[in-house]
Amino acid sequence: MTEPTPPSQQERSRALADPGSSPLAPESASLLLHDLRVHQVELEMQNDELRRTQQQLEASRARYFDLFDLAPIGYFTLSQTGLIEEANFTAAGILGVPRSNLVKQQLTRFIVSADQDLYYHHRKELVATGARQVCELRMMRSTGETCWVRLEATRAQDAHGDVVCRAVVSDITASKHVEETLKASEARHRILFEMSHDALMTLAPPDWRFTSANSTTLAMFGAEDEAAFLSRAPSEYSPERQPDGVRSTQRAALMIETALREGSHYYEWTHRRLSGQEFPATVLLTRMEIGGKPFLQATVRDETEVRKLHAMLSQADRLSSMGMLAAGVAHEINNPLLYVLYNIETVAEELPKVAVAVERCRVALRAALGDEGLAKVLGDDASLLEASTLEDVIERIREALSGTQRINKISRAIGTFSRVESTERSRVDLNYAIECASTMAATDIRFRAQLVLDFAELPPVWASEGKLSQVFLNLLINAAHAIDEGDVAHNFIQIRTWALGDDVFAEVKDTGKGISEPTLARIFEPFFTTKAIGVGSGLGLPICRSILTEFGGDIQVKSVLGVGSTFLVRLPIQKGASIAPALKPASDAPQVPKVCGRILVVDDEPAICAKVVRMLGAEHALVTAGSGEAARLILERDQSFDLILCDLMMPDSTGMDLHRWLATEHPSAAEKLVFVTGGAFTPQASDYVTRVGNARLDKPYEAAALKRFVSERVAAAQNKN
């Protein structure tokens, strides 16, 4: 059987395209049907592959959009005109705007106006060149807050072939804040670095040259600018050898090694300015770590002025010690001076009476014996009865009394001047403080000018007697130093006082050299002085102003060069107060009626008690006690004294102790107590006497003045009773 001939390919194609075009044999139709089935299977396989590919594509697209939307960094797709085509959730989150509100919006809508020019510049560069653009700018969140973002943009084409911009956006607000904080910190550090009063320098390894220096460093060493300073080696800013003879380079290497090992090192060093002048300094080397490398910072302090200040303070301390010593010596002098003064006073008072009696005896003897008989009886001693001899003795006693009174005045001035404790404030007679100062300055004034005192009656001021004396002593000495020696007759220093309104005034005027305008503007600056070294410290006038300010006053100055200077001191009046009665010569005040009072005298020196009894015993009834405890025993039994004169400083129980006990047990008797002092007492004692307000009596005192003082106090006590 012959096999059927299979249809040709042309026939198959025609039959497939038009099944009714030509009939096929059954065998051919079967084969064609087979081919159709095969072709169908192939098509189905192709469709399956296409569906799988499409599914993979959709899955990939979904993964892409997941990555796009959920990426931790923001992403924008921008049109060529800057319109937002796409934005992921992170980008929307950065701006706090729903994603739907971003799309089809201009990006510039969200950019701070001040940064839009920067954005336009980078977009133009991107479109023109295609080069990747990076910029940092500020964008506005929906809350109104400003945030910093970093844009990294690239040029691309979309599915239609149009140019688009793909931008990655990162929120850098936190890092920008840290950066700005760091910059601010660096700026503050630089300001502190530049404004430091100490010289600051940085040294870098390996040769440890200077790498930075502040303006204080440049001024200290005399460099024009930082570059000029850094161009020199550190060794050029030190002498070849230090004061102890060690080479500066060797010592510097040791200091650097110590600072690197211990972290810091402090030492003294002698430096040299570019002018060649050497100066003492202290140096602190501190180790720092920068980028893992060790550096050193040097803090240098010029000690030139500090050394001068220490020398001045040391001198002031010595003067203070001398003042304390002088006060102590004055205290020790005052007690025996009291005996001497009293004895000379009484001799000076009684001797004229003795001279009259002797003259009467001489006349009577001459009448009885005749000149020859008198000469025979008295021999060479006959001349002692002559009136001229007695007059000479009286004159010498008066001179001795005058000298003793002068010593008394100086001693009291020393005691007053030494009382400069800040705790000592009381009602002060300004005239008396000036008198004390003029006594102390007498030696400086004597050979230069005449001292003229023109005092008015003044109400008291609330101050320190010692400190006010210090003020006027300084003014008087300055006035004396402004006048050359040798022409006393034509020069004067005048002190005038007066009261006006609520203030008292004291004017110190001299005919000295005067003060120039530039100097006048600086005379109250600490350490400024025109005097030679060892003569002035430049602290006198600043201290004067400080003292007067402390007491509510002030000081002014006028001066004409070549004519003289005038200093005017003002102090407020202590209203409603009067100065406690002071010991004044009896001739300076009207007489008071004599009264007889009961007086208790308390002093640990028996001789003082005896002298007071001799001074006052003829007019008053006196009881003495050799200690505070003994006085207490007396006062426990008897408080009917009109006056209690009690030594302030005694070895065991002081006058303060006695007063405290009286104030508690017998307050009326405590009011009658007068503190007696030789001039030296502790700050605590000064504070106590000022606080309780009882009168104070300074040794030594003249008999007549003491009698008047006691009579006034006794009369006041008896009138009160």
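Start with the hole in the protein: the largest cavity is lined by Leu 78, Leu 107, Tyr 119, His 122, Arg 123, Leu 126, Gln 133, Cys 135, Leu 151, Ala 153, Cys 165 and Ala 167. Keep in mind that this is a predicted model. The space inside that cavity comes to about 110 Å³, and a search of the whole structure turns up four cavities of 30 Å³ or more.

Who builds the wall? Helix H4 (116–129) is joined by strands E3 (133–140), E4 (146–157) and E5 (163–171), each giving two or more residues to the lining. H4 puts in the most, with four residues. Sorted by class, the lining holds nine nonpolar residues, two polar ones and one charged one.

Now move along the chain to the largest nonpolar core, which has 40 residues. Leu 430, Leu 468, Phe 472, Leu 475, Ile 493 and Leu 571 have the most contacts inside this core. Helices and strands both feed it: H11 (430–440), H13 (465–481) and H15 (540–550) are among the elements that supply at least two residues each, and so are strands E13 (461–463), E14 (492–500), E15 (503–510), E16 (554–560) and E17 (564–572). H13 gives the most, with eight residues.

Leu 571 is a good place to zoom in. Setting aside its neighbours within four places in sequence, Leu 571 is in contact with Leu 430, Val 461, Leu 468, Asp 502, Asp 503, Val 504, Leu 548, Phe 551 and Gly 553. There's also a second, separate core, this one with 25 residues, including Phe 76, Ala 91, Leu 102 and Met 139.

Technical notes. Residues are numbered from 1 along each chain as its sequence is written. This is a predicted model: local features need pLDDT of at least 70, side-chain atom pairs count only at pLDDT 80 or more; totals for chains, interfaces and linings use all residues. Side-chain values use heavy atoms; hydrogens and water are left out. A nonpolar core is a set of buried Ala, Val, Leu, Ile, Met, Phe, Trp, Tyr and Cys residues joined through side-chain atoms within 4.5 Å. Buried means under 20% relative accessible area, exposed over 50%, partly exposed in between (1.4 Å probe, protein chains only). Contact means heavy atoms within 4.5 Å. On a 1 Å grid over the protein atoms alone, a cavity is a set of points where a 1.4 Å probe fits but cannot get out, and a pocket is an open set with protein on both sides within 12 Å along at least five of seven lines; lining residues have an atom within 4 Å of a point. Grid points are joined across faces, edges and corners, and a volume is the space filled by probe spheres set on the points. Ala, Val, Leu, Ile, Met, Phe, Trp, Tyr, Cys and Pro count as nonpolar, Asp, Glu, Lys and Arg as charged, and the others, Gly among them, as polar.
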